[in-house]
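This report goes through selected local features of one protein model. The sequence and structure come first, and the notes follow.

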Amino acid sequence: MTDKSRILLLLPTRTYRAADFLDAASKLDVEVVVASEEAATTADLSPRHTLVLDFSAPTVATQAILEFDDTYPLAAIVGVDDDTTLLATTASQALGLPHNPVASAKATRNKYLLRDTLAANGVSVLAYQRFSIYDDPAEIVGVGSSNPTDTQVGLPCVIKPLSLSASRGVIRADTPTEFIEAFQRTTKLLHTLKDDTNGGGVCNPDSLVHASQYLLVEDYIPGIEVALEGILLDGELKVLALFDKPDPLEGPFFEETLYVTPSRLSMNVQDALHRATAEAAAALGLQHGPVHAELRYNDNGAHLIEIAARTIGGLCARTLRFGTGMSLEELVIRHAIGQPVEMLQREQQAAGVMMIPVPKAGILGEVRGKTDAHRVDGIVEVSITIPIGGEVVPLPEGARYLGFIFARAETPALVETALREAHRQLEFVILPCRRD
């Protein structure tokens with residue numbers, strides 16, 4: 001094994017994706033160094049194969065990576081999710097490895113900065129404003145005032161945190177009363193997260209924690225929603241997959257369930273979605289590596305909702321295979337170490353995933369029907385990712401799904417049918433939370 005094939009994987013302790021990335025690296029015969037926030041994740045690895053880093057402090061963590069590289073040179077750094085995007089970028093810059101501009105990575109991690117950057121570079125965005133969690137939502141929405149203010153928002157609108165993902169804390173409001181309730185609910189969530197992260201809210205200036213002090217409010221845009229998975233090759237966007245989201249996402253919460261590919265949308269619509277993603281990536285200055293975008297399409301065309309410099313989250317990447325069975329994780333690592341991926345195409349067979357929603361808060365007591373779900377024609381995997389006895393919290397406060405169901409079939413319609421039928425076979429017994 002040569003130093004040129006050693007990569008650093010930034011793997012948060014709570015990521016679903018450690019096994020898939022490690023398996024991909026093994027198939028490529030790449031030496032892996034695993035970096036995590038806690039030693040427990042990498043306790044069975046030798047010192048040359050493990051690092052403990054604070055992902056929320058990129059400057060400090062980058063210095064630790066530089067010191068490690070002095071002894072064990074790295075060929076690439078791969079961040080696997082939102083929490084590691086900025087560090088992967090700053091450390092790659094410091095080591096002279098291929099990377100996106102740091103400003104681009106920062107913009108993808110802050111929804112307000114993202115929209116500001118896009119607008120400044122000529123990309124059409126929804127009307128948006130940023131508010132402090134200490135602002136009065138009644139004043140913002142004009143309740144009790146006969147004179148509209150410059151900051152008064154229009155309705156319907158969507159309230160969302162600046163840096164959370166997977167629709168966490170995202171709420172639609174159609175009336176002033178709904179706006180006030182949604183603003184207060186999301187604010188409460190951010191207060192809780194800030195206290196948990198900072199021991200009372202002391203901000204680390206080298207982190208994104210300050211984003212928890214603000215909310216984004218933007219116009220609600222109707223239309224169908226899709227997810228685009230791509231990779232940037234010297235600034236050119238290669239689309240790896242376009243996922244339809246068959247369930248309507250109209251609010252008040254935006255719980256994603258089904259992802260099915262290939263898309264059943266017309267090629268004209270797909271081309272418009274591709275162009276909108278490429279335009280946004282270029283405006284942000286993104287040049288290198290994976291991108292995951294969420295978009296909507298209506299009579300006015302394609303509208304970017306979010307774009308991140310990472311791959312699709314959770315276990316959803318298991319829906320994708322390229323060439324003769326290559327995983328998305330393997331494709332990303334190949335690209336990171338300089339191997340060509342331009343010609344790789346997704347397999348022709350349709351595939352999809354259901355992110356199993358949490359129906360109510362409580363303690364997961366039992367999962368019934370898993371065997372019957374497995375027996376549904378087209379189902380290839382049913383993975384329950386919350387252990388029995390674990391706490392479950394629905395959106396908008398929750399951050400974890402109950403699990404994932406995967407299907408493959410000849411057509412997207414058959415995939416969707418299989419996923420829905422498998423989900424119907426499952427029964428989740430959720431017990432009340434214990435009170436101390």
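## Lys245 and its salt-bridge network

Lys245 has a relative accessibility of 9%, so this residue counts as buried; the limit for that class is under 20%. The model is a predicted one. The side chain of Lys245 forms a salt bridge with that of Glu294, at 2.2 Å from N to O. Lys245 sits in the loop between β10 and β11, whereas Glu294 belongs to strand β12; the pair is 49 residues apart and links distant parts of the chain.

Glu294 is buried as well, with a relative accessible area of 11%. The contact is part of a wider arrangement: salt bridges that share partners join Glu225, Lys245, Glu256, Glu294 and Arg296 into one network.

## Other salt bridges

How many salt bridges does a search of the whole structure find? The search gives 26. One of the 26 is formed by the side chains of Glu306 and Arg115, with an N to O distance of 3.1 Å. This pair also connects distant parts of the chain, with Glu306 in strand β13 and Arg115 in helix α5 (residues 111-120), 191 residues apart. Glu306 counts as buried because its relative accessibility is 16%. Arg115 has a relative accessible area of 4% and is therefore buried.

Lys160 and Glu218 provide a further case, their side chains meeting in a salt bridge of 2.9 Å, N to O. Here the link runs from strand β6, which holds Lys160, to strand β8 (residues 214-219), which holds Glu218, and the two residues are 58 apart in the chain. Both Lys160 and Glu218 are buried.

## The β12-β13 hairpin

Strands β12 and β13 form a hairpin, with 2 residues between them. Strand β12 covers residues 289-298, and its pairing with β13 is antiparallel over 7 bridges. Within this pairing, Leu295 of the hairpin stands opposite Leu304 in β13.

Why is strand β13 described as largely enclosed by the rest of the structure? The strand spans residues 301-308, and 6 of its 8 residues are buried, so the description follows from that count. Glu306, the partner of Arg115 in the salt bridge described above, lies in this strand. In a regular strand, side chains alternate between the two faces of the sheet.

## A three-stranded open sheet

Elsewhere, an open sheet of 3 strands has the order β19-β17-β21, and the pairing is antiparallel. Its edge strands are β19 and β21 (427-431), each of which pairs on one side only.

Strand β17 (residues 362-368) is joined to β19 by 2 bridges, and the two run antiparallel. In this pairing Ile363 is placed opposite Glu391 in β19.

## Backbone exceptions

Most residues other than glycine have a negative phi, and most peptide bonds are trans. Two cis peptide bonds are described here. One joins Gly251 and Pro252, with omega about 5 degrees; Pro252 lies in the loop between β10 (236-244) and β11 (258-261). The other joins Leu395 and Pro396, with omega about 10 degrees. Pro396 is found in the loop between β19 (391-392) and β20 (403-409).

Positive phi values occur at two non-glycine residues discussed next. Ser167 has phi near 65 degrees and is found in the loop between β6 (157-161) and β7 (171-173). Asp234 has phi near 55 degrees and occupies the loop between β9 (224-233) and β10. Are these two residues buried or exposed? Ser167 counts as buried because its relative accessibility is 19%, under the 20% limit. Asp234, at 74% relative accessibility, counts as exposed, since the threshold for that class is over 50%.

## A negative surface patch

Glu37, Glu38, Asp54 and Asp83 form a negative surface patch. Asp83 lies in helix α3, which runs over residues 82-95.

Its relative accessible area is 46%, so Asp83 is classed as partly exposed. That class takes in values between the buried limit of 20% and the exposed limit of 50%. Membership of a patch calls for over 30% relative accessible area and no salt bridge, and the 46% of Asp83 is in keeping with the area condition.

Methods: Residues are numbered from 1 along each chain as its sequence is written. This is a predicted model: local features need pLDDT of at least 70, side-chain atom pairs count only at pLDDT 80 or more; totals for chains, interfaces and linings use all residues. Side-chain values use heavy atoms; hydrogens and water are left out. Patches are made of residues with over 30% relative accessible area and no salt bridge: like charges are joined within 9 Å, nonpolar side chains (Val, Leu, Ile, Met, Phe, Trp, Tyr) within 5 Å. Accessible areas come from the Shrake-Rupley method with a 1.4 Å probe; for residues, only the protein chains shown count as cover. A salt bridge is a side-chain nitrogen of Lys or Arg within 4 Å of a carboxyl oxygen of Asp or Glu. Lys and Arg count as positive and Asp and Glu as negative; His and the chain ends are not counted. The place of a charge is taken as NZ of Lys, CZ of Arg, CG of Asp or CD of Glu. Helices (H or I, at least four residues) and strands (E, at least two) are DSSP runs, numbered from the N terminus. Buried means under 20% relative accessible area, exposed over 50%, partly exposed in between (1.4 Å probe, protein chains only). Two strands pair if DSSP finds at least two bridges between them.
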